[in-house]
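This briefing sets out the strand pairing, helix packing, confidence and surface features of the structure shown below. Please read it alongside the sequence and the model.

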Amino acid sequence: MVEEVVGVVAAVGAGALVYLVAAARVVKQYERGLVFRLGRLHGDVRRPGFNLIVPGVERLRKVNMQIVTMPVPAQEGISRDNVTVRVDAVVYFKVVDPSAAIINVEDYRFAVSQMAQTSLRSIIGKSELDDLLSNREKLNQGLELMIDSPAVEWGVTIDRVEIKDVSLPDTMKRSMARQAEADRERRARLINADAEYQASKKLAQAARQMADTPSALQLRLLQTVMAVAAEKNSTLVLPIPVELLRFLERGAQPPAESSGHAESPGTAESPGTAESSGQAESSGHAGTADRAEITERAVDRTDQAEDAMEKLRRAVEQ
C-alpha cells in the first residue's frame, strides 16, 4: 500500500514538473509578452520576468521594445530641378504598443521599411538639389512626419530619420566643381583689386611726401639700386638724377653780380682824372679774376660729381 502511494505521488510530482516546464515562460527586460488563447488575445501584456501559460491552449508571443536601426536602401529619383540623384537614409524606430504591432500589421519591420523607401522617393521629387545637399535638417523632419503618420496605427513610433548620403552623376559633380572654382576666382580677384586700391592710396601718400622732400626720392633710388645689386645676376641701368644735372648747371653759370661791379667804376663823375681810370682798370682785373675762380670751382665740382658717379658705378658692379 505504501509503495502504491509513493508511486502515485512520484507520478503526480513528475507530471507537475513536466507541466511546469511546459508552461513556464521567461520574458526579458527589453521585451513584452502577448498571450493568445485559442487564437485570441487573452489578458494584459505580460511584464518581464517569469510567466506561466496553459500548454497546448495558450501561446506566448514576445515583442522587442528596443529602438531598431533600419537602413533604407538607396533610392534613385529626379529632383524638383530635374537632376538625377541617388539618396539613402537610416530610420530609428521602436514599438510602443505591442498589441497593435502584432495584430494590426503582419510584419511591422517590413512595413516601416517600405514606408521609408516610399517617403524617401517622395521627398526626392519634392526637393531641389541644393536642399538635398545643404538643408538636410528640414528634409529629415519632413521625412520623419511622412513615415510616422501611418506608423502610429501599427503601434510604432519613429524616433528619428537621417539622410546619409546623396550621390550625384559625374557630369553634375564636374559642373559643381567648375562653379565653385569660378566663385573662388571671383573672390580672389576682388581681394586683389582691394589690395591694389589700398596700395595705390599708400603710394599716393608716399608721392606727396617725396614731393615735399626731394632728397627722399634719391634715398629711395639708392635703396632700389642696393637691392638690385645684391642679386648679381642682372644688368642695372642707373639714370642720372635730375638734381645732379641742376647742380652742374648752377655751377657752370657765372654770377650776374660780377658784371655789375665791373661796370660801376667806369661811370665816375670825373672821367679825365688818372685816379678814376686806375680804379676802373683794377676793377676790371678783379672781375676777370672772379670769373676765372668761379669757372675753376665749377670744374672742380664737375670732377667731384664724376668721381662720385664712378664710385657709385663701381659699388653697383661689385
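Strand 6 (residues 68-78) and strand 7 (residues 84-95) run antiparallel and are joined by nine bridges. They belong to a predicted model, in which local features need pLDDT of at least 70 and side-chain atom pairs count only at pLDDT 80 or more, while totals for chains, interfaces and linings use all residues. Residues are numbered from 1 along each chain as its sequence is written, and side-chain values use heavy atoms, with hydrogens and water left out.

**Sheet 6-7-8**

- Helices (H or I, at least four residues) and strands (E, at least two) are DSSP runs numbered from the N terminus, and two strands pair if DSSP finds at least two bridges between them.
- Within the pairing of strand 6 with strand 7, A89 in strand 7 is the bridge partner of V72.
- These two strands form a hairpin with five residues between them, and N82 in the turn has a positive phi of about 60 degrees.
- Strand 7 also pairs with strand 8 (residues 156-167), in the antiparallel sense and over ten bridges; here V87 stands opposite V166 of strand 8.
- The result is an open sheet of three strands in the order 6-7-8, with antiparallel pairing.
- Strand 6 and strand 8 are at the edges with a single partner strand each, so one side of each lacks a neighbour in the sheet.
- From one strand to the next, the twist averages 25 degrees.

**Helices on this sheet**

- Helix 3 (residues 108-126) packs on the sheet and touches strand 6, strand 7 and strand 8, where contact means heavy atoms within 4.5 Å.
- The direction of helix 3 makes about 35 degrees with that of strand 6; axes are lines fitted to C-alpha atoms, for helices over the stretch in contact, and angles run from 0 to 180 degrees between N-to-C directions.
- Helix 5 (residues 136-151) also packs on the sheet, touching strand 7 and strand 8, and its direction makes about 140 degrees with that of strand 8.

**Sheet 3-2-5**

- Another open sheet of three strands has the order 3-2-5, again with antiparallel pairing.
- Its edges are strand 3 (40-46) and strand 5 (58-64); each has a single partner strand, so one side of each is left without a neighbour in the sheet.
- Neighbouring strands of this sheet are turned against each other by 25 degrees on average, direction ignored.
- Four bridges pair strand 2 (residues 31-37) with strand 3 in the antiparallel sense, and R46 in strand 3 is the bridge partner of G33.

**Salt bridges**

- The structure holds six salt bridges, each being a side-chain nitrogen of Lys or Arg within 4 Å of a carboxyl oxygen of Asp or Glu.
- One of them joins the side chains of R37 and E58 at 2.2 Å, N to O.
- Because R37 lies in strand 2 and E58 in strand 5, this pair ties together parts that are 21 residues apart in sequence.

**Nonpolar surface patch**

- L17, L20, V21, V26, F50 and L52 form a nonpolar patch on the surface, with about 600 Å² of accessible area together.
- Patch residues have over 30% relative accessible area and no salt bridge, with like charges joined within 9 Å and nonpolar side chains (Val, Leu, Ile, Met, Phe, Trp, Tyr) within 5 Å.
- Accessible areas come from the Shrake-Rupley method with a 1.4 Å probe; for residues, only the protein chains shown count as cover.
- Helix 1 (2-23) and strand 4 (49-52) each supply at least two residues of the patch; helix 1 gives the most, with three.

**Confidence**

- The protein chain has a mean pLDDT (the predictor's confidence in each residue, from 0 to 100) of 79, and 72% of its residues reach 70 or more.
- Among its elements, strand 7 has the highest mean pLDDT (93) and helix 9 (residues 257-263) the lowest (44).
- The pLDDT is below 50 over residues 257-286, a stretch with seven contacts in the model beyond near neighbours in sequence.
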